[in-house]
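User: Please take a close look at the enclosed and open spaces in this model. Then set them in the context of the chains around them.

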2 protein chains.
Amino acid sequence: MHQQNSQKSPEEGNSASNNHSGNSESEFKRVHASMQSAISLNKTEVLDDVLNNFSEGYFTLSHENRRKLLLVLARDYDLNRSQVRELIKQYLGLELPDDKAQVSGSKEEGLFSSFYRIEWNLRHAIQPVYEVLFDRLNTHPGGLRFLSILRANILDILAEENIASLRALDSYLKEKLSTWLSPAALELHQITWDDPASLLEKIVAYEAVHPISNLLDLKRRLGIGRRCFGYLHPAIPGEPLIFIEVALMKNVAHTIQEVLWDSPPIPESEATSALFYSISSTQPGLAGINLGKFLIKRVVKLVKREMPHISTFATLSPIPGFMTWLLSKLASQTVLAEGDMSQPVAEGSGSTFYENILKPDEEEALMSLPKDIATGKNGMEVMLNLLTSTTYKWIHSPEISSALKSPLMRLCARYLLKEKKRGKALDSVANFHLQNGAMVERINWMADLSEKGLSQSGGIMVNYVYSLDNIEEYAHSYFSNGVIQASSDLHHHVEPHSDK
Amino acid sequence: MHQQNSQKSPEEGNSASNNHSGNSESEFKRVHASMQSAISLNKTEVLDDVLNNFSEGYFTLSHENRRKLLLVLARDYDLNRSQVRELIKQYLGLELPDDKAQVSGSKEEGLFSSFYRIEWNLRHAIQPVYEVLFDRLNTHPGGLRFLSILRANILDILAEENIASLRALDSYLKEKLSTWLSPAALELHQITWDDPASLLEKIVAYEAVHPISNLLDLKRRLGIGRRCFGYLHPAIPGEPLIFIEVALMKNVAHTIQEVLWDSPPIPESEATSALFYSISSTQPGLAGINLGKFLIKRVVKLVKREMPHISTFATLSPIPGFMTWLLSKLASQTVLAEGDMSQPVAEGSGSTFYENILKPDEEEALMSLPKDIATGKNGMEVMLNLLTSTTYKWIHSPEISSALKSPLMRLCARYLLKEKKRGKALDSVANFHLQNGAMVERINWMADLSEKGLSQSGGIMVNYVYSLDNIEEYAHSYFSNGVIQASSDLHHHVEPHSDK
């Protein structure tokens, strides 16, 4: 469960380049000229036509021409630096009154007037020239969506090469977009089978966590025992920016199969749990803008009001960073182990020291597996080999999977609870929910046996629980002190008691 | 027809001061402390509670305490000027690469990195500290509405005294509000009798041009042959920010009485004209933010689509500045006339010179009125006395009104077509429609005999016409060259031909 993006609409990709249109110098020049007009014409001259010309022209450009145009925008329309310098000199020429306390009388207030004036001017001069284009597009019908596509293209380019001016453009646009997409301007909409096909098609296209296979699958996700909510922005009609899927259940599901294939669903009146099993965002151009923050809180309130008998709000989420972390740990330890085994083991220290991350009984269980299916000089190497096999034969063998279960579950709990980066959970989905005030409730073995579930999360899924009384408190202690709230069950995995 | 504001909700006024609560120093300190928290706490600590505390606390304050608090906000939370100076010094220390053209290769791009970094920092440092409060409130449920009330209070204070810091605060907040209220985020909603009473009540309360007297009156304005459209913002639900009232008619109405009292209305299928007879904005705190700009254009399109047989789109508008302009002109000329009549008359020159603004035949007609009802040494003084009489007896006397008609209509046309301020029409309603691309079509005698219509517009109303083919062109030539498009009828009033 995470904000993910999947397919791109034709406009966002570089389909134009495939058929060799939009690739010529003359087309580039035409769109460049329309961009120039959209920026430099005065306010009432910038008719809808000018902005339409520019955005329509942009869509016809090839990937290469778009890149060229965005670089022109980033470089030639940034700042009037000589104007900024001029204002700065004026500003430095002003003398600050000694103490603000002394001048709070309205009589001496005038002293500040020149400050206010030059600061106002400086505040505007320090804005890049491309601000005008962004502002104008934002107030233009369809413009906000166009800006989001523009940013998606910028991010694509930045993923290939790091260009300082383009990165500055991106930061600026991102900041603008997050102002405009304030949660207060977003409308929570329950998506149902009665919604227009054009909207439902977006749900199918953008569901990135658990892909929707066909119309029947979609209908189930909008039918009895299910809910789907999306955030809509008035300027991007008919296309939720982010949506969340909910299953109403008797108990918090352990596996995604229960959620996706439990036909028929239980009567809604018998449900006591609402399970958030998928969040997808639809706009790659809005990456890094936290649209989900208020979404969960608002959906919880809405469901609670409609169905007061629902008492548990939980997620069933992937742990998308788990395998990456674990495999790199296993690989580096395997290399270290080969290096010099005679050195004393520095247990519990950083990853540059050799650390057997397996317990003795886990090591033993792994090493006693039949050698034809589990090869390796030690437990960690056996584990590495089993987990990196693309056939995932371990999930079909009770013998292997039982040997893997204990170390995988334990290390998964450790990954979720202990592994951090700058004081935040290393796992992006964990960080998302902890930020929102959730706690880590339970990890579930063999919970997602899809290709993606196995390769990213080792088949494990986690339930985060939103406990209404503690959301604010948990969000706060996570933010200020990095405290990750977790159930005793989770803690047991990490520090097993003697009876385990 | 103009964006006007009328009643204030209890929250906006200073009702708290009337019952002596909210007036104490301790209450002020409490709200000050909650404002401080709302600004200085870090992001996730600023829970909804903190912002709610502040806004609820603010509403309990007396007028005087609100004033005190707003001044604290304006003065103590403006800029960290020493930080700005520090950044400026770093910035001046950077050396500009000689020529941008030379460094557009991605290799030399790095040279600009320090510019981008310091400019980014400066851009943020130059923002006043109170930006944080505004941004946070904007993303908080109910916050946008609260900000609009805050600004209404600021404007009230500024109307009494001009305080530089508060004016700077106001400019900043105004700019923020106009970003957030982008037309793209506003939804056009047709207001009907099926809307919730809580919304309809707002229409009654805020209709400022032609007050709605009772429920029946309101029902008529939403019924057959009438339309009402409002702009709604998702963050201020159930309360249109601005609304426009439309009458469907056979011909463009001459008087407001025809519109308000023509029962029964004609069948809609027979209508050929859509008459905009009222625009009211509901938020005094959004003064100066042109919400109406796109409203008329969008309503025209909507009506045209629904009823293609409508071919004329016109307004019936007041001329709210006419009497103020005329009376001050008459008064100053009367004074000048008393001063030194022997001086040669500098005709057509500025108002500091004596100018008889009446034509000889108008002068004669006014001077030949019976002396018991029309006193004065000359025509202008007679006119001044008649028009400033609060009983408006002139409208009931055919003799007087026929003597007034010719000069009033002529001077009204002159006022609309010739009197400007900084290249724009002096009359605010005229300026509003001309900006939107309308033309001045016709002025109507005895068109609004309400107290307000008489005292502001001398009973005259004007039809502005939106001609679909020319809207963009007219808006453009008005904006760039101050050209006021008018019918030949209007021009005749100003420069009468021999046959008139």
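Analyst: The answer starts with the basis of the model, turns to its spaces, and ends with individual residues.

This is a predicted model, in which local features need pLDDT of at least 70, side-chain atom pairs count only at pLDDT 80 or more, and totals for chains, interfaces and linings use all residues. Residues are numbered from 1 along each chain as its sequence is written, chains are lettered from A and ligands numbered from 1 in the order in which they are written, and side-chain values use heavy atoms, without hydrogens and water.

Confidence comes before detail. Chain A has a mean pLDDT (the predictor's confidence in each residue, from 0 to 100) of 86. In chain A, 87% of the residues reach 70 or more. The weak part includes residues 1-10 of chain A, where pLDDT stays under 50. The model still gives this stretch 44 contacts (heavy atoms within 4.5 Å) beyond four places in sequence. Residues 12-19 of chain A are also below 50. That second stretch has 16 contacts beyond near neighbours in sequence. Where pLDDT is low, the predicted coordinates should not be read in detail.

Next, the chain itself. Chain A holds 21 helices and nine strands; these are DSSP runs numbered from the N terminus, helices being H or I of at least four residues and strands E of at least two. Of its 500 residues, 54% are buried (under 20% relative accessible area; exposed is over 50%, partly exposed in between, with a 1.4 Å probe and protein chains only). Among the contacts in chain A with a separation of 6 or more, 73% join residues 24 or more positions apart.

Now the two copies. A turn of 178° and a shift of 0.1 Å along the axis lay chain A on chain B, with an RMSD of 0.4 Å. The two copies are therefore related as by a two-fold rotation axis. The same surface serves both: 98% of the contact residues of chain A recur in chain B. The superposition is by least squares on C-alpha atoms of residues with pLDDT of at least 70 in both copies.

The spaces come next. On a 1 Å grid over the protein atoms alone, a cavity is a set of points where a 1.4 Å probe fits but cannot get out, and a pocket is an open set with protein on both sides within 12 Å along at least five of seven lines; lining residues have an atom within 4 Å of a point. Points are joined across faces, edges and corners, and a volume is the space filled by probe spheres set on them.

The structure has three cavities of 30 Å³ or more. The largest cavity has a volume of about 100 Å³. Its lining counts 14 residues. Nearest its centre are Trp180(A), Ala185(A), His233(A), Trp180(B) and Ala185(B). Both chains thus appear in that central set. The elements that give two or more residues to this lining are α9 (164-180) of chain A and α9 (164-180) of chain B.

The second largest pocket has a volume of about 1,200 Å³. It is lined by 43 residues, and those closest to its centre are Glu187(A), Pro234(A), Glu187(B), His233(B) and Pro234(B). Four elements supply at least two lining residues each: β1 (187-190) and α13 (293-306) of chain A, and β1 (187-190) and α13 (293-306) of chain B.

Some single residues round out the picture. In chain B, Ser148(B) sits in helix α8 (residues 143-160). Ser148(B) counts as buried because its relative accessibility is 3%. Beyond four places in sequence, Ser148(B) touches Gln283(B), Gly285(B) and Leu286(B).

His210(B) lies in the loop between α10 (197-206) and α11 (215-222) of chain B. A relative accessible area of 6% makes His210(B) buried. Its contacts outside four places in sequence include Arg221(B), Tyr277(B), Asp448(B) and Met461(B).

Gly437(A) is in the loop between α18 (428-435) and β8 (439-444) of chain A. Gly437(A) is buried, at 1% relative accessible area. Glu472(A) is 35 residues from Gly437(A) in sequence, yet their C-alpha atoms are 6.0 Å apart. Contacts of Gly437(A) beyond four places in sequence include Tyr466(A), Asn470(A) and Tyr474(A).

Backbone angles last. Most residues other than glycine have a negative phi. Tyr392(A), not a glycine, has a positive phi of about 50°. Tyr392(A) belongs to the loop between α16 (379-388) and α17 (398-418) of chain A, and at 10% relative accessibility it is buried. Arg422(B), also not a glycine, has a positive phi of about 50°. Arg422(B) lies in the loop between β6 (420-421) and β7 (424-425) of chain B. At 79% relative accessibility, Arg422(B) is exposed.
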